[in-house]
Amino acid sequence: MTTTVQDQDKQQHAGNAAIERAATYYRLKADVEDFYYHEADLLDDRRFRDWLELLTDDIGYFMPIRRNVKFGQQAARENTKRGEGISWFDEDKWTLTKRVEQILTGVHYAEEPLSRITHMVSNVQIKGARPDIEAARELDVTSRFLVYQNRVEYETYIFVGRRNNTLRLTDDGWKIARREILLEQNILLAKNLTTFF
């Protein structure tokens, strides 16, 4: 059975509408937004080790490659699947830590000198809460991002897309347990992908 764009919109709206927009929702949403702004500051200030502390030990960090497909096939074929084929990123805490360690050696060919980067986050919405919004221990959150990167002198890249996250409440506060990054490009226009999203 083929899922139409209208069906997807209805399902997404229904899932989002299931959460009552009461004071608890808006307080939680404000906390999530503050968490994302703090995360952006850590990345922009190149505090990569501190950023790693915002990730759970079992994090899944995934950026699929996006394909041009026939109308009506978007849901099934537009994005590569995790664990199948290739993707821009399909990482865990260990590989993310190794990426950070490589950058911090100072001899990373694509990050010497370090890039100047700004992360902007918007359109934050809580799509699901477990066990419920009042006593949430896990949240499914969507957001949009714009990442500006400038390196050396004239290399400038802009990345725009969406993020689907699962946030988990721990003794140390909210942490990212899952991140899916949907870059709104099917051909990478930058020379490399050294930034974190």
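A cavity is a set of points inside the protein where a 1.4 Å probe fits but cannot get out, and its lining residues have an atom within 4 Å of such a point. Keep that picture in mind, and let us start with an example. Tyr-36, Glu-39, Ala-40, Leu-43, His-119, Met-120, Val-121, Phe-145, Leu-146, Val-147, Arg-163 and Phe-197 line the second largest cavity of this structure. Helix α2, strand β3 and strand β4 (residues 138-151) each give two or more residues to that lining. The biggest share comes from α2, with four residues. By character, the lining of the second largest cavity splits into nine nonpolar residues, one polar and two charged. The volume of this cavity is about 50 Å³.

Before we go further, you should know that this is a predicted model. How confident is the predictor? The mean pLDDT of the protein chain is 87, and 89% of its residues reach 70 or more. That confidence varies along the chain, though. Among the elements, helix α3 (residues 48-52) has the highest mean pLDDT, 97, while helix α1 (residues 5-17) has the lowest, 46. Over residues 1-14 the pLDDT stays under 50, and the model has seven contacts beyond four places in sequence for this stretch. Where pLDDT is low, the predicted coordinates should not be read in detail.

Now back to the empty spaces. How many cavities of 30 Å³ or more does the structure hold? There are two. The largest has a volume of about 110 Å³. Its lining is made by 13 residues, and those nearest its centre are Leu-43, Phe-48, Glu-111, Ser-115 and Ile-117. Two elements, α2 (residues 23-44) and β3 (residues 116-130), give two or more residues to the lining of the largest cavity. That lining divides into six nonpolar residues, four polar and three charged. Look for Leu-43 as you compare the cavities: this residue lines the second largest cavity, and Leu-43 is also among the residues nearest the centre of the largest one.

Next, turn to the aromatic rings. A pair of aromatic rings is described by the distance of the centres and the angle of the planes. A search of the whole structure finds nine aromatic pairs. One of them joins Tyr-25 and Tyr-26: their ring centres are 5.1 Å apart and their planes stand at 90 degrees, so the pair is edge-to-face. Are these two tyrosines buried or exposed? Tyr-25 counts as buried, because its relative accessibility is 2%, whereas Tyr-26, at 46%, counts as partly exposed.

A second pair is formed by Tyr-61 and Phe-89, with ring centres 5.8 Å apart and planes at 55 degrees, so this pair is tilted. Tyr-61 belongs to strand β1 (residues 55-64) and Phe-89 to strand β2 (residues 87-91), so the pair ties together parts that are 28 residues apart in sequence. Tyr-61 is buried, with a relative accessible area of 0%, and Phe-89 is buried too, at 7%. Both rings also take part in a cluster, in which ring pairs link Phe-48, Trp-51, Tyr-61, Phe-89, Phe-145, Phe-159, Phe-196 and Phe-197. You have met some of these names already: Phe-48 is among the residues nearest the centre of the largest cavity, while Phe-145 and Phe-197 line the second largest one.

Let us finish by visiting three single residues. Glu-91 lies in strand β2 and counts as buried, because its relative accessibility is 10%. Leaving out residues up to four places away in sequence, Glu-91 touches Ile-59, Gly-60, Tyr-61, Arg-82, Leu-96 and Arg-99. Its C-alpha atom is 9.0 Å from that of Met-63, although the two residues are 28 residues apart along the chain.

Asn-192 sits in the segment after β6 (residues 173-183). This asparagine is also buried, with a relative accessibility of 10%. Beyond its neighbours within four places in sequence, Asn-192 is in contact with Ala-110, Gln-149 and Phe-159; the last of these is a member of the ring cluster.

Arg-130, in strand β3, counts as partly exposed, because its relative accessibility is 35%. Not counting residues up to four places away, what does Arg-130 touch? Its partners are Ala-135, Ala-136, Arg-137, Glu-138, Asp-140 and Thr-166. The C-alpha atoms of Arg-130 and Arg-168 are separated by 9.5 Å, with their places 38 residues apart along the chain.

How values were computed. Residues numbered from 1 in each chain as written. Predicted model: local features only at pLDDT ≥ 70, side-chain atom pairs only at ≥ 80, totals over all residues. Heavy atoms only, no water. pLDDT = per-residue confidence, 0-100. Contact = heavy atoms within 4.5 Å. 1 Å grid on protein atoms, 1.4 Å probe; cavity = no way out; pocket = protein on both sides within 12 Å on 5 of 7 lines; lining within 4 Å. Points joined across faces, edges and corners; volume = space filled by probe spheres on them. Nonpolar A, V, L, I, M, F, W, Y, C, P; charged D, E, K, R; others polar. Phe/Tyr/Trp six-rings, centres within 6.5 Å; stacked < 30°, edge-to-face > 60°. Buried < 20%, exposed > 50% of the residue type's maximum accessible area, 1.4 Å probe, protein only.
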